[in-house]
Amino acid sequence: MSNNFSRRDFLKLAGVGAATSAILTGCGPASRYVKREPYMLMPEYNYNGQSTYYATTCRECAAGCGLVVRTSQGRAIKAEGNANNPLNLGKTCARGQATLHGLYNPNRVRGPIKHKRGDRLYETAADPFEDEFKDADSNMNWDDATQTVADALKKYKPSEIAFLMGTTSDHLFDLVADLSTQTGITPPVRFGALSMFESRATLAKAAENLFGESGLPFFDVGGAQVVFSFGANFLETWLSPVSYTRGFAGLREAQKKQRGKLIQFESRMSSTAGKADEWIPIRPGTEALVALAIGRLALEMRGGPLPRAFSDIDPEDAASKSGIKIETLQKLAEMFANSTGALAIPGGAALGQSNGLAVAEAVLTLNAVADNFGKPGGVFFSALAPNQAMYQRPASVKEMQDFTKKLADGKIKVLFVHGVNPVFELPAVLEFKKALDGVEQVISFATFPDETALEADFVFPDHHGLESWGYQRVVTGSAQPVLSGSQPVVSPFYDTRATADVLIAAAQLAGGKFASALPFKDEVEFLQSKVAPLMSEADGFFSAPDINTFMAYFQQYGGWWKTTDARLVPTTADIFNRSLKATEAEFAGEGEFFFVPFVSPTIAEAGANKPWLQELPDPTTTVMWNTWVEINPVTAEELGLVDDDVVKIVSEAGELELPVYRYPAIRPDTIAIPFGQGHTAYGRYAEGRGVNPTDLLGGHFNEAGDLAFAGMKVKIEKTGKKQPLSRLESMMGVYGVGLGEEK
Amino acid sequence: MIKRLFDWLKQPLGLIAVGIALLTLFSLAAYGINYTQQAPAQPVQFPHTTHVGFGIQCLYCHPGAAKGPAAGIPTEAKCWGCHNQIAKTETSLLLAPLKQSVESRTPLEWVPVAQVPDFVQFNHRAHIAAGQNCENCHGDMSKLTVAENPQVFNMGFCLACHKKVAGENHELLVKLTDCGTCHY
Amino acid sequence: MIRPEEIKMSTEETGKWGMVIDQDICTGCQACVAACAMENNITFVGEKDSGYGRSMHWIRIERFWEGEYPEVKMTPNQPMLCQQCGSATCEPVCPAFATVHSQAEQLNLQVYNRCVGTRYCANNCPYQVRSFNWRDYKRPEPLSNQFNPDVTVRRRGVMEKCTFCIQRIHKAQDTAKSEGREVVDGEFTTACAQACPASAITFGRVDDPESLVSQLARAHGHGVKHLEELGTLPNVTYFKGG
């Protein structure tokens with residue numbers, strides 16, 4: 001080709017060439033490039049191109065909502081709520097919708113792996129959206145894996161064997177609990193970040209103190225007229241968000257009755273406070289005072305003798321300490337006193353303080369003023385699930401600290417981890433990761449390559465929830481006792497195996513009392529043995545004469561539930577006569593800002609690896625794909641900060657750098673950071689994104705053993721750096737328009 | 001350079017050369033088009049004519065057509081349901097791939113011939129429900145051995161029929177010529 | 001050019017399919033957004049592109065602020081999606097006739113194979129509910145296993161928007177026709193309405209006075225149609241409540 005051959009000529013010739021090849025290849029039917037593989041054996045009820053629907057249970061959190069999953073040609077393509085399930089009545093939250101992004105996540109553990117602690121479980125690359133993050137190959141087979149588990153069971157003393165579980169299906173928890181009672185291994189411990197931020201232990205303990213029995217209170221928001229919520233963020237993640245959201249819709253239902261009111265006491269406006277008719281930006285730590293003051297004022301308005309529980313509080317003092325005007329308190333007390341259906345709910349950050357138990361007790365006692373125990377729109381004990389003798393709450397962080405200490409001291413020789421990611425979720429000060437050094441063998445059953453699996457010697461992946469058998473006890477949110485059932489909706493995508501099957505097989509191999517503890521052929525047989533007793537119970541949604549038919553219905557309807565309201569009425573004879581401590585919370589640390597970590601409603605504890613959950617805008621700030629710190633605009637101005645300025649947050653336990661989001665609905669003396677991001681593993685979409693606020697948390701507890709996660713004070717330091725946040729509401733940061741030159 | 005090339009092309013030898021080049025190009029294109037329009041190779045040289053000849057209904061093997069969007073290709077289990085009772089299956093060379101597939105439990109990979117273009121959502125059931133017969137679009141299968149497509153399924157083909165079916169019925173015409181009926 | 005006196009305010013329903021959204025009970029939980037993405041094969045675009053406003057949400061939940069701390073209020077969450085206007089501003093500006101009005105279903109269509117990506121329609125949409133495929137965003141294996149076979153997978157250079165789950169409309173109509181009956185109200189609904197934990201979204205036939213969506217519209221009586229003063233004849237009614 002000579003130099004005279006111009007670019008224009010080249011384009012002419014190239015054009016002819018392109019046209020020719022287009023003629024030659026473009027006319028053929030596209031079919032030439034498509035191959036179709038029919039089923040070898042198609043299930044009878046299946047047709048090509050026709051969807052098949054399976055009922056199962058959502059495993060994105062512990063609530064246990066029923067799902068109906070649409071499948072087509074053997075692939076799950078959409079999750080919907082199960083309309084029959086009394087807990088969610090056909091509805092789902094965003095995390096339930098995105099469960100398919102877990103099933104088809106590009107980074108999963110693909111088979112059993114013998115693994116060097118700290119080694120990666122997938123390769124890293126630069127760009128999570130363009131590059132391949134190849135998963136580690138499986139390097140052992142399942143026979144060896146089962147043998148490894150059997151050896152571990154045989155080799156150590158029962159007391160040196162421990163199971164740590166999380167959003168594990170309840171049937172597996174029951175299996176391990178049975179194994180524990182019959183062989184003497186350490187009883188399984190259950191933990192989850194959501195229960196930590198919900199302060200479940202505090203709520204249960206307060207109920208026990210007040211009502212004399214342990215259980216998880218149920219708050220009938222839907223039947224109430226006025227709801228006072230002290231920190232309970234029940235529209236986002238608290239306990240059973242789908243069910244409580246339905247309750248909220250009931251509260252608002254205008255046709256039936258007068259539109260119900262919601263008053264939220266919170267230092268930072270959550271979605272729940274955003275929906276409230278009134279948001280009271282209470283000074284953190286004074287919730288107990290305010291609850292008691294409202295109670296006293298309400299009782300005084302009604303007249304009559306003041307009971308002991310409310311006699312010690314001075315409303316003026318409570319008003320000045322909480323930063324709420326006394327007139328406001330009086331107005332609220334009047335509203336509470338005059339309503340025909342008032343309800344007070346304690347929860348979340350209000351309980352995660354040094355005086356959390358006192359707050360919970362004070363707020364629960366406030367319900368005595370409304371006399372709503374066991375009445376519509378009032379406080380109940382949640383109905384116990386069908387095969388549940390008593391409410392078993394997840395471990396509090398204090399209990400986890402003790403457990404961690406046992407690990408560090410070498411008292412546990414082999415640790416099995418399933419469905420929980422303590423390396424990521426527990427506060428860094430507990431040093432869980434370091435404590436694993438004291439454990440000889442860590443065996444993880446993780447489905448995803450999470451931080452805890454990274455610290456394991458073996459990873460024996462369980463199926464994803466949609467590939468699994470099981471059942472989930474619904475501990476709260478439904479008036480009826482509900483056992484949500486799971487069944488595989490698709491065949492396993494990778495070389496994973498059900499942990500229950502592995503344990504049953506390993507127990508047989510280990511022989512002795514292990515073999516006799518789990519005398520089952522497989523997981524399904526075990527499941528049947530647990531579900532069979534329900535056949536003889538009355539008032540079931542369905543009944544069947546034999547176990548096979550019963551199990552078929554159990555799968556078809558997605559579980560078993562009673563048709564009767566089984567919420568228990570708390571015993572409240574003495575409730576007014578207790579003396580309640582009207583104390584303020586103490587705050588750890590030096591700084592000038594109250595620190596409120598909250599669970600991201602879209603990402604929560606396990607959503608960070610699901611790309612569509614990452615791309616859902618946070619309901620209050622509309623931020624996507626990252627972590628931010630919320631600072632009141634007035635405070636930000638005083639500090640000379642604007643949106644996207646990176647600040648360093650320093651607590652007594654650690655420090656974090658993250659960008660500022662000026663949030664108009666937060667107290668000027670408070671900052672808030674969402675929990676959910678900051679992973680160092682967990683797949684391409686989670687890793688290296690945002691920060692983890694648990695790094696800032698100190699090891700302070702309330703009297704019930706829950707972490708005082710909202711009981712810290714922190715400092716803010718400027719770094720001079722910028723990091724634009726992706727926000728649905730504005731593109732200012734990324735385009736660099738107006739950066740640092742607002743107004 | 002390019003000018004000298006054009007000068008050379010204008011002399012008789014050049015014109016012949018251009019002629020030969022065009023002819024080659026044309027025959028290649030003709031061959032290519034012809035090639036792409038032939039029925040693709042299938043794993044089994046499936047004789048539709050024989051099966052239809054036995055009186056087997058289309059919907060017996062392609063039941064999806066009456067139930068949903070895709071007619072579907074029968075499973076090997078369905079083929080085998082009849083063929084394992086037929087002695088010829090053991091010996092026939094034609095049926096060897098089927099036998100092998102069933103024994104090794106690996107599905108046969110068929111190449112679909114009746115394809116609509118991209119961006120079209122086609123639904124068999126609606127057409128069956130409207131009283132259309134399979135052969136209206138797929139031709140007379142009783143005369144075909146290996147499946148091939150009697151016509152290219154393009155928008156003209158679809159719309160011609162839709163308009164014919166609608167006839168004077170204005171409401172139906174609106175529905176059947178609406179973009180959203182097929183494209184979403 | 002429409003003169004003000006020519007603008008029709010939709011005192012009575014003109015469309016066929018419509019929606020009623022109760023903002024008073026919408027909690028902004030994003031379940032509808034996730035459900036929509038899962039149903040309609042909507043791609044995620046990643047942190048950088050979503051920061052540039054290229055995220056592909058067909059439905060988004062708007063919230064605004066009123067007042068200043070401590071009297072600050074979050075306005076009722078407002079799910080914003082294509083209003084399926086009876087007289088849509090996106091339609092006349094498309095040079096390729098890719099955004100056409102469905103006469104049969106009274107919806108605004110987006111015909112992907114006609115779309116050439118001028119983005120005029122998005123510029124002309126007063127609700128800002130159209131999203132454009134700026135790139136071929138990757139959905140690595142095996143995420144693509146989740147694709148809904150009833151919905152086209154769009155590629156770069158194509159505009160897209162809410163279809164009122166037209167694939168579900170067709171499916172219900174086909175089923176009803178095969179069974180020789182009419183579509184029953186409540187037989188199917190859109191992905192967002194099906195997921196909504198508060199049941200804030202109701203979908204149905206607005207031209208049928210007996211349908212739930214029509215009944216709700218009457219029962220509340222104080223519904224708002226956004227920007228209807230532009231003469232767009234939107235088919236989504238909002239209740240602010242409170």
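In strand β5(A) of this predicted model, the side chains of I161(A), F163(A) and M165(A) point one way while A162(A) and L164(A) point the other way, and all of them are buried. The strand, which spans residues 161–165 of chain A, is accordingly described as mostly covered, with five of its five residues buried.

Two strands of chain A pair with β5(A). With β13(A), residues 414–418, β5(A) pairs in the parallel sense over five bridges, and within this pairing I161(A), one of the buried residues, stands opposite V414(A). With β6(A), residues 189–190, β5(A) likewise runs parallel, and two bridges join these strands; here M165(A) stands opposite R190(A). Between β5(A) and β6(A) the chain passes through helix α5(A), residues 170–183, and the resulting β-α-β crossover is right-handed.

Chain A also takes part in a contact with chain C, to which chain C contributes 48 residues and chain A contributes 51 residues. On the side of chain C that touches chain A, the elements giving two or more residues are α1 (31–39), α2 (46–51), β2 (59–62) and α5 (191–195) of chain C, and the largest share, seven residues, comes from α1(C). Sorted by class, this side of chain C comprises 26 nonpolar, 14 polar and eight charged residues.

Notes. Residues are numbered from 1 along each chain as its sequence is written. Chains are lettered from A and ligands numbered from 1 in the order in which they are written. This is a predicted model: local features need pLDDT of at least 70, side-chain atom pairs count only at pLDDT 80 or more; totals for chains, interfaces and linings use all residues. Two residues are in contact if their C-beta atoms, placed from the backbone, lie within 7 Å. Helices (H or I, at least four residues) and strands (E, at least two) are DSSP runs, numbered from the N terminus. Ala, Val, Leu, Ile, Met, Phe, Trp, Tyr, Cys and Pro count as nonpolar, Asp, Glu, Lys and Arg as charged, and the others, Gly among them, as polar. A residue is buried if 20 or more other C-beta atoms lie within 10 Å of its own, exposed if 12 or fewer, and partly exposed in between; C-beta atoms are placed from the backbone. Two strands pair if DSSP finds at least two bridges between them. A crossover is right-handed if, with the strands pointing away from the viewer, the path from the first strand over the helix to the second runs clockwise.
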